[in-house]
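Welcome! Here are some short exercises, each followed by a worked solution, to help you find your way around a new structure. Try each task yourself before reading on.

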Amino acid sequence: MKIADILGMSLTNLWRRKMRTLLTVLGVIIGTASIVVMLSLGIGLRQSVMDQASQAGGLTEIMVYSDMDDGSQEEKLLGDDTVELFSGLEHVESVYPFIMYSLPVQAGKYEGTFEVYGVTREYLKKIPLETGKHPKTDKATLSLIIGNQVRGDFWEVKSGDYPDELPDLDFMTVPLIGGIEIEEIAQEETSEEEEGEEYFDSDFSESEPDFDSDDEPDAEEQPVTEEVTEESWEEMSFSSFTEDMQRVRLKATGIIEGTEDDYSEYSYYCYTDLDSLKAFLKRYYPGNVTIPGQPTDRSGKRFRDLKYTSITVNVDNSSNVEDVLSTIQQMGYRADANKEWLEELEKEYLIIEAVLGGIGAVAMLVAAISIANTMTMSTYERTKEIGVMKVLGCTLGNIRTMFLAEAAFIGFLGGVAGIGLSFILSQVANEVIAPAVMADFDLGARISVIPFWLVLAAIAFSTLIGMLAGFFPAQRATRLSPLAAIRND
Amino acid sequence: MGASDGQKDARAVVIDVRDLYKIYEVGTTRVRALNGVTFQVYEGEFCAIVGTSGSGKSTLLNMLAGLEKPTKGEILIAGQHIEKMNENKLVRFRQKNVGFIFQSFNLLGTMNALENVALPLSFRGIPKAVRLKRAAKMLKLVGLEKHALHKPNQMSGGQQQRVGMARALVVNPKIMFADEPTGNLDSRTSKEMMTLMRRIVNEHKKTLVMVTHDDSLAAIADRVIRIVDGRIVRIEDRTSGTVLEFHQKKKTPVKQENTRHPAGEGRTDTGVFIGGSQK
């Protein structure tokens with residue numbers, strides 16, 4: 001029997017019991033929609049978390065840190081040779097070295113700290129700007145682009161208070177003065193610590209979220225255009241500037257993209273060109289003077305060349321991350337990859353999805369039972385008809401296929417309509433419920449996401465469920481005796 | 001073809017039944033629906049199996065069509081042992097060799113006359129255009145071309161049965177089985193039906209085996225096999241004019257008559273029993 005004929009007969013049979021078919025399909029619609037909507041919530045949740053995670057660093061990134069705690073590990077320091085070494089590794093696409101350097105900054109009546117990253121030009125160009133432009137390589141001046149959240153950590157020098165709202169501070173126009181402290185003799189204490197710091201210092205450094213100066217120290221300095229004459233620093237009782245600090249003028253060339261409510265991985269830091277920062281550091285810390293953020297050798301002296309605070313290694317493909325990571329770790333470097341914890345995170349969300357899907361599946365189970373019931377009823381009703389067909393030469397396989405096709409149709413129709421219902425519910429969730437529940441989260445975050453594969457999978461699944469539910473009734477139909485055709489009602 | 005069992009008939013044997021038993025167990029008692037039946041049906045023959053209700057005639061027909069398995073014995077149809085076939089093989093066998101006419105017509109209510117006639121062809125995988133064409137031809141043969149698009153519930157019983165006959169014919173079967181084909185029809189329509197069946201057998205050289213309880217209808221057949229309590233008691237061959245009658249538990253004929261009866265007329269000797277029943 002031709003498959004088109006079988007399908008035609010199945011459809012005819014469904015059609016002649018419209019109400020019953022409709023009710024059974026309705027069950028499948030609800031079953032499909034409950035699974036799809038539940039899964040879409042899980043997927044939405046996972047996606048928003050993953051999006052945020054990958055914003056903070058891609059899956060192909062490996063971070064290599066210099067070991068700041070122990071200056072004796074000379075061979076594990078990150079220098080230009082290390083950059084070259086990593087660049088030569090297989091699967092490595094690009095290598096970005098960073099130097100981190102922090103210094104106190106006065107800006108008008110406010111004071112705070114700039115955490116400055118010296119980055120390669122290539123990296124620098126990738127940072128999106130709200131206003132201004134990217135700094136050029138400039139060995140005379142330290143030109144910075146400043147994170148959109150940096151001003152939130154500036155306090156009023158006179159009162160020592162943080163303004164209730166963001167300080168009215170435009171780094172582009174206000175003169176910026178950085179303080180450089182020279183320690184004549186290398187001390188045991190950490191170089192970043194500044195003499196004469198007041199307790200506010202610790203306050204402000206703690207108040208900078210997401211910032212780990214031990215892990216990613218990077219210093220940038222701006223070239224000094226002029227030595228700032230003594231200001232009335234004595235009056236500024238809440239200033240961390242000390243008398244013997246050298247004052248240098250810094251220049252802001254741009255503000256990093258984002259409003260006061262936006263947060264990105266760049267928001268809290270300042271960035272400058274790596275070569276500019278190196279030149280700046282060499283100029284203001286001549287000779288053997290310890291540079292904040294730079295490692296020292298066993299005797300407390302700094303190394304001849306500037307060392308990098310961290311190196312980011314980009315791998316060509318996320319599947320190669322583990323290989324490259326272990327290679328670097330075997331070389332003795334401290335390194336980790338976002339991929340590792342993202343994978344853990346992903347696993348957790350998959351479990352959540354599975355649980356949600358399982359809850360939705362209960363409705364589908366009920367729908368499957370209803371399909372089985374409908375099909376069984378159908379075989380009872382059509383006992384005679386099946387007998388007649390057998391006598392007229394319809395094979396058992398064809399009869400089975402006919403019933404399976406009928407059940408599959410119910411599943412398929414329910415699946416398609418269920419997907420339609422799911423999209424409506426998903427839309428409602430995103431537009432009505434999401435803004436109410438997730439007001440604090442990112443704008444535009446969707447709590448329900450139905451990817452295309454889920455559409456296909458749901459329809460295939462509901463069709464399969466229909467066939468499974470129809471299997472035993474179909475089997476029963478093939479076993480009906482053709483003698484039923486002979487009996488007279 | 002099955003071997004002739006000694007009859008000096010040159011005609012080919014299409015159905016060869018040998019020593020057939022069918023025993024039902026009803027509770028603790030065993031009911032012998034068929035109790036050793038042996039006979040042949042020849043090609044192109046109109047054969048009527050006659051008996052009262054419960055005589056076993058319907059059981060016999062069911063087994064000939066492969067709808068029921070015998071307890072013992074052999075059935076050869078077109079040379080094949082159908083008692084040994086499983087259900088799948090039986091279906092294929094029916095597809096190839098058998099057309100069936102039901103007492104209660106058994107047309108599918110969702111289909112019109114034409115589609116009903118075409119249905120057996122669809123089971124054989126014949127494309128729609130071809131099968132509708134052949135079905136239309138068959139409907140014309142039974143004189144229903146004007147009702148092709150009518151649903152069964154829009155037709156009279158006689159018309160429905162003619163559709164049923166067209167449906168049996170459409171697959172061009174070697175053998176047609178008819179199970180009380182006029183059982184649900186009035187006497188006038190029944191007569192028309194029998195005439196039509198006679199005509200088709202004659203014109204299309206079909207073998208037709210019909211089961212009926214009505215002697216007057218059986219009279220139109222070439223051969224009449226009478227069954228009582230699961231045994232053949234009499235075989236009357238009206239083409240050769242021979243009558244075989246059987247004693248109880250013996251399969252040898254005991255009496256031969258040379259009376260020749262005109263076809264189509266009611267018989268007068270239907271009440272003659274020579275073999276007795278054991279029950």
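**Exercise 1. Find what Arg46(A) pairs with in a salt bridge, and say where the two partners lie.**

Solution. Start with the atoms: Arg46(A) and Glu353(A) form a salt bridge, and their closest N and O atoms are 2.6 Å apart. Next, place each partner: Arg46(A) belongs to helix 2 (residues 18-55) of chain A, and Glu353(A) to helix 8 (residues 338-381) of chain A. The two are 307 residues apart, so this pair links distant parts of the chain. Finally, look at accessibility: Arg46(A) and Glu353(A) are both buried. Keep in mind throughout that this is a predicted model.

**Exercise 2. Work out which residue forms a salt bridge with Arg16(A), and whether each of the two is buried or partly exposed.**

Solution. The partner is Glu385(A), with the closest N and O atoms 2.8 Å apart. Arg16(A) sits in helix 1 of chain A and Glu385(A) in helix 9 of chain A, 369 residues apart, so distant parts of the chain are linked here too. For the second part, use the cut-offs: buried means under 20% relative accessible area, and partly exposed lies between that and 50%. Arg16(A) has 28%, so it is partly exposed. Glu385(A) has 13%, so it counts as buried. One last step widens the view: Arg16(A) and Glu385(A) belong to a network of salt bridges that also includes Arg382(A) and Glu406(A).

**Exercise 3. Describe how chain A and chain B meet, beginning with the residues in contact.**

Solution. First, count the residues: 24 of chain A are in contact with 28 of chain B. Then take the area: about 2,300 Å² is buried between the two chains, and carbon and sulfur atoms give 64% of it. In chain A, Val391(A), Leu392(A) and Ile486(A) lose the most area to chain B, together 26% of what that side buries.

Now turn to the polar side of the interface. Seven residue pairs are in polar contact across it. Helix 1 (3-16), helix 9 (383-391) and helix 10 (396-437) of chain A each supply at least two residues to the side that touches chain B. Of these, helix 9 gives the most, with six residues. By residue type, this side of chain A divides into 13 nonpolar, five polar and six charged.

**Exercise 4. State how many salt bridges are counted between chain A and chain B, and name the partners.**

Solution. The count is two. In one, the side chains of Glu87(B) and Lys390(A) meet at 3.4 Å, N to O. In the other, Arg131(B) meets Asp5(A) at 2.8 Å, N to O. Arg131(B) lies in helix 4 (residues 128-141) of chain B and Asp5(A) in helix 1 of chain A, so this pair joins two chains. Both of its members are buried: Arg131(B) has 7% relative accessibility, and Asp5(A) has 16%. For the wider setting, the count over all chains is 24 salt bridges.

**Exercise 5. Explain why helix 6 of chain A can be called largely enclosed by the rest of the structure.**

Solution. Count along the helix, residues 274-284: eight of its 11 residues are buried, so helix 6 is largely enclosed by the rest of the structure. Among the buried ones are Lys278(A), Phe280(A) and Tyr284(A). Leu277(A), also in this helix, is buried with a relative accessible area of 0%. The C-alpha atoms of Leu277(A) and Tyr117(A) are separated by 8.5 Å, although the two are 160 residues apart along the chain. To finish, check the N-terminal end: Asp273(A) caps it, with a side-chain oxygen 3.1 Å from the backbone nitrogen of Asp275(A).

**Exercise 6. Show how the side chains of strand 12 of chain A are arranged, and find the strand that pairs with strand 12.**

Solution. Follow residues 334-337, where the side chains alternate. Ala335(A) and Ala337(A) point to one face and are buried, while Arg334(A) and Asp336(A) point to the other and are not. The pairing strand is strand 1 (residues 61-65) of chain A, antiparallel to strand 12 over four bridges. Asp336(A), for instance, is the bridge partner of Met63(A).

Methods. Residues numbered from 1 in each chain as written. Chains lettered and ligands numbered in written order. Predicted model: local features only at pLDDT ≥ 70, side-chain atom pairs only at ≥ 80, totals over all residues. Heavy atoms only, no water. Contact = heavy atoms within 4.5 Å. Buried area = accessible area lost by both parts, 1.4 Å probe. Salt bridge = Lys/Arg side-chain N within 4 Å of Asp/Glu carboxyl O. Polar contact = N/O pair within 3.5 Å; in protein donor to acceptor, adjacent residues only side chain to side chain. Nonpolar A, V, L, I, M, F, W, Y, C, P; charged D, E, K, R; others polar. Buried < 20%, exposed > 50% of the residue type's maximum accessible area, 1.4 Å probe, protein only. Pairing = 2+ DSSP bridges.
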